[in-house]
Structure formats: C-alpha cells, structure tokens
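Visitor: I should like to learn how the descriptive terms for a protein structure are justified. May we look at one together?

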Amino acid sequence: MAKYAAAVDQGTTSSRFMIFDHSGKIVCYDQKEHTQIYPKPGWVEHDPMEIWGAVQAVIAGALAKGAIDPKDISAVGVTNQRETTVVWNRKTGKPVYNAIVWQDTRTDQICNELAKEGGQDRFREKVGLPLATYFSGPKIKWILDNVDGARAAADAGDLAFGNIDTWVIWNLTGGVNGGVHVTDVSNASRTMLMNLKTLDWDADMLKLMSVPRSMLPTICASSEKYGNAIGSLAGIPVAGDLGDQQAALFGQTCFSPGEAKNTYGTGCFMLLNTGEKIVPSQSGLLTTLGYKIGNQPAVYALEGSIAITGALVQWLRDNLRMFDFSKHIEDYAATVQDSGGIYIVPAFSGLFAPYWRSDARGAIVGLTRYINRAHIARAALEATAYQTREVLDAMNADSGVPLTALKVDGGMVYNNLLMQFQADILGVPVIRPTVAETTSLGAAYAAGLAVGFWDSVEGLRANWGKDKEWTPEMDEATREKLYKGWKKAVTRTFDWVE
C-alpha cells in the first residue's frame, strides 16, 4: 500500500520536489534555484536543460533526504510557472531557444499588431484573456519568426511546444524515448490558443498566431494518468498537472464557487472559483480554468495576476544590495511606523491586473530627504498589499460576491508585518493554512486522486487547517487615504514606454 503522493513544483526561480503523506503533511523535500537570464531590458529567459537537470536533482535529493523508497509513492503530479514557453526538437530533445519567461515583454509588438483590429480585448470572449505579453501564444510566434530554421522545422512537424509542465512531463516520461506530450486545461488556458468552451485548441487563434497545430500537446484533465515516470521515479504514474496558481487553489481546497486564495510568490495571484460557469470579467481580470478532475466537468475561475511582488524584494536584495537575505526586509521595515509617504510601484514588466499596461515601468514616488532604507523596505512590502487590494476590488465587482476572508499561501505569508498590513488595507481577515506550500500540495492531490490514493475532493477538505489569522486593525479613514495615494502613484507609471 502506497504511503505518499509527490509533486514536482517547477517555479520561476527554483524547482522543488515535495513528498506528502495521506494527511497532506510534508514528509520531505529538496529545492534548487536556476539561473535568471536577462539578455535585454524587458527580456527574461531560462535554460530549459538547466531546469530539467534541477528537476532530476531535487527528485533524487528529496528521496535521499527522506530515505524514501520510490515504491511507496502512489503518484507524482507536476505544477509549474505557467506561461513560460519552451519549443524543442522532438527528435533530439533539445530546445531551439531558451524558455521565454512569463514576465518577458518582447512580444509587445506582436500583441499591438493583433490589437489594431478589435483592441486589447479582441479575443476575451473566446480565450478569457486580453492581448498581453504575458501569455504563451505570442511567445511561440516570436520563436518561430526569429529563430533560424524554427519555422521550417515546425512546418515539418519536428518541433514541440509546451509550457514548463509539458516540458517536464515529456522528459519525466521518457523524452525522445516515448515521452508523452500533454498539458492540462489550466495550463492550456494560459496560451491564448485554447477555446474556453470547447477546451480544445482553437483553429482561428492558431491561424492568427501562425502556430502549427502539430506543435501542440494534447489537452488533458488536471487529474488523470498521463504515463509512467523513468529515472529515480521509474514506474510511478505521472497523474496530475496544474499551473502553479490553480494548484494553489486546489491545495487550499477552494472547491466551492465563491472560495478564493491569494498566492504570494515572485508575483501575486488571486483566484476565485466560479464553478462550472464561465464568468467574463468587466474589471480587468482573467477568465481562466481552475481545474478538471478526470471525466467531471471543468471548473472555471477568475484570476487577478500581479507581475511583481516577491521579485521586488529580490531586486532590492540582488540589484541594490540592500540586505543579504530576503527575510531581512521585515526587520528593516519594522523599524519605522510607516513608509514615510513614499510608494513603490513595481511595474518592471508593465502592469498586469487590473490595468494590462505594457507601457508602464516601475517608479518610486514621494521621495524626500527624510526617506531611508527602512522606508523603502516598508514601501516594497506595502506595494504587494496595495496591488492585492486592487485585484480584490475587481473580483468583488465581477463576481458580485464580496469576499469575507482571504486564504493566503506562498513564501511571503511568513512576513507578519506584510500580512497585518494586508488585512488592514483589505478590511477583511487574512488566513494562513498549516501547510503554506499549497502549490505543491495541490499537484500532489491531483495526482493522488487520479490513482485512488485519496477518494474525493471533499475528503481533502479535512486536511486543511488554519495556522494563523490576521484581522484588520486600521480605521477606515486611514485605509482609504493610503489607498488613494497608491492609486495616484500607479498613474505616474503609465505611458513610460513609447
């Protein structure tokens, strides 16, 4: 009898392999960072071969750390940084170009061209997304148009496309020796190429983006058996696939319409379960797939995506050398009562929800001689909370259901100062679960459900427990005054890129 379910969690900055027991508790894990490549301003790339190497290393590392016999693992799921785009040669298994990361803005001209007729929301009804550099479709087009020989190889049927989930699963199930070429509905819904209603690749979108259908993976459920692993996990079913934010929704057991979670990572992503109903957004949110379990109907979600939150802390650490470790930001921020009147708007790769402005760039506003490092540290944390408030306001407007509490997860939720300010600026309680690694947990849940390690989603709710809750302490007048200042600061970042 298997004792565990496991997940490969391939994120923007690192890869992890996590092993969970039946109660959803972490048994052991291993983690490894990979290189961030910045060839030009606004361009962000990863080396897919380095990522696959890191995935293999963390699988072996976690098994060794926990002294786990792979035979005790029931199934493995995969979760991933979503829109990051890999195009590789099926015969050699080698990428034709580096992975173009979700934050990358090089496709702005492609998006602007497509928006000339019908505007930014031209395809929203069909794919749920605005025309933006964020999504995979324009990235595939860029690779085919700009990499020598890529277009001809694609037309000959030699190239395969995938977001990182597809790349990992293909390699994990054999690569050039019979690897399965699949994705799930949650990842496919981030390409601009999948039709929300049919849950299949849309012929019109493929034609507009000039992407051959032969490159694309088969769209599957988020919880079903795709194939068996090779290597350290030889013979174990690969049976779960969810984009990282949808995996967190799943791991937070937000299985009922109206339940929402916010993940604080490199960026920030709030998802609201809308059930089997496709809810079009009037407020700058994305209509996306939540998950699909086996043959059951697909579950949809509204999403507010914020590009830069934890990445702002990394920037202060790595580019400005303000502190040695990210966790020290809280120590600095706690030495001052407030941000001294400054705001940081981290529009490093434009602004995502609810603005969708690729012409915006980052700004620090309100600077005076009074400001010191501690104020900047505090303003950086507050930027995350303000951006989340904007998304929550949009969600309330679109869904017509005011959120009464926010479930949170991700690396930044251990920052107590940030979580308290988040509750203050939202005016609702903020709740952290006992297992905050809900992205990995969600992928493990999806895989375990597919093979019967867990019986039903309802049974998973019993695993969810509250670790800590922050309640609002700020008065309404202060909250609205601070938020008004934020909204003003945001407008100062518009129209920067001509």
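Guide: Helix 9 and helix 14 are roughly perpendicular to each other. The model is predicted, local features need pLDDT of at least 70, side-chain atom pairs count only at pLDDT 80 or more, and totals for chains, interfaces and linings use all residues. Residues are numbered from 1 along each chain as its sequence is written, and side-chain values use heavy atoms, with hydrogens and water left out.

Visitor: Why are helix 9 and helix 14 called roughly perpendicular?

Guide: Helix 9 (residues 244-251) and helix 14 (residues 438-450) pack at an angle of about 75°, and their axes are 7 Å apart. Angles under 35 degrees count as roughly parallel, over 145 as roughly antiparallel, 65 to 115 as roughly perpendicular and the rest as oblique. Axes are lines fitted to C-alpha atoms, for helices over the stretch in contact, and angles run from 0 to 180 degrees between N-to-C directions. Helices (H or I, at least four residues) and strands (E, at least two) are DSSP runs, numbered from the N terminus.

Visitor: Which residues of helix 9 make the contact with helix 14?

Guide: They are Asp 244, Ala 247, Ala 248, Phe 250 and Gly 251; the residues from helix 14 include Leu 441, Tyr 445 and Leu 449. Contact means heavy atoms within 4.5 Å. The residues of this contact of helix 9 with helix 14 divide into 8 nonpolar, 4 polar and 1 charged. Here Ala, Val, Leu, Ile, Met, Phe, Trp, Tyr, Cys and Pro count as nonpolar, Asp, Glu, Lys and Arg as charged, and the others, Gly among them, as polar.

Visitor: What is the angle between helix 12 and helix 16?

Guide: Helix 12 (residues 373-399) and helix 16 (residues 476-491) pack at about 90°, with axes 11 Å apart, and they are therefore also roughly perpendicular. Among the residues that meet are Tyr 386 and Arg 389 in helix 12 and Tyr 483 and Trp 486 in helix 16. The residues of the contact of helix 12 with helix 16 divide into 6 nonpolar, 1 polar and 6 charged.

Visitor: What makes helix 13 mostly covered?

Guide: In helix 13 (residues 416-426), 10 of the 11 residues are buried, including Leu 417, Phe 421 and Ile 425. Buried means under 20% relative accessible area, exposed over 50% and partly exposed in between (1.4 Å probe, protein chains only). Gly 427, with a positive phi near 75°, follows helix 13.

Visitor: Why is Ala 360 called buried?

Guide: Ala 360 has 0% relative accessibility and therefore counts as buried. Ala 360 is placed in the loop between strand 17 (343-345) and strand 18 (363-365). The C-alpha atoms of Ala 360 and Thr 493 are separated by 5.0 Å, although these residues are 133 residues apart along the chain.

Visitor: How many disulfides are there?

Guide: The count comes to 0 disulfides, a disulfide being a pair of cysteine sulfur atoms within 2.5 Å. The sulfur of Cys 268 is 15 Å from the closest cysteine sulfur, in Cys 254, and therefore too far for a bond. Cys 268 is buried at 0% relative accessibility, and Cys 220 is buried at 12%.

Visitor: What radius of gyration does the protein have?

Guide: The protein has 21 Å, which agrees with the value near 23 Å for a compact globule of 498 residues. The radius of gyration is taken over C-alpha atoms, and the globule rule is 2.2 Å times the number of residues to the power 0.38. Of the 498 residues, 62% count as buried.
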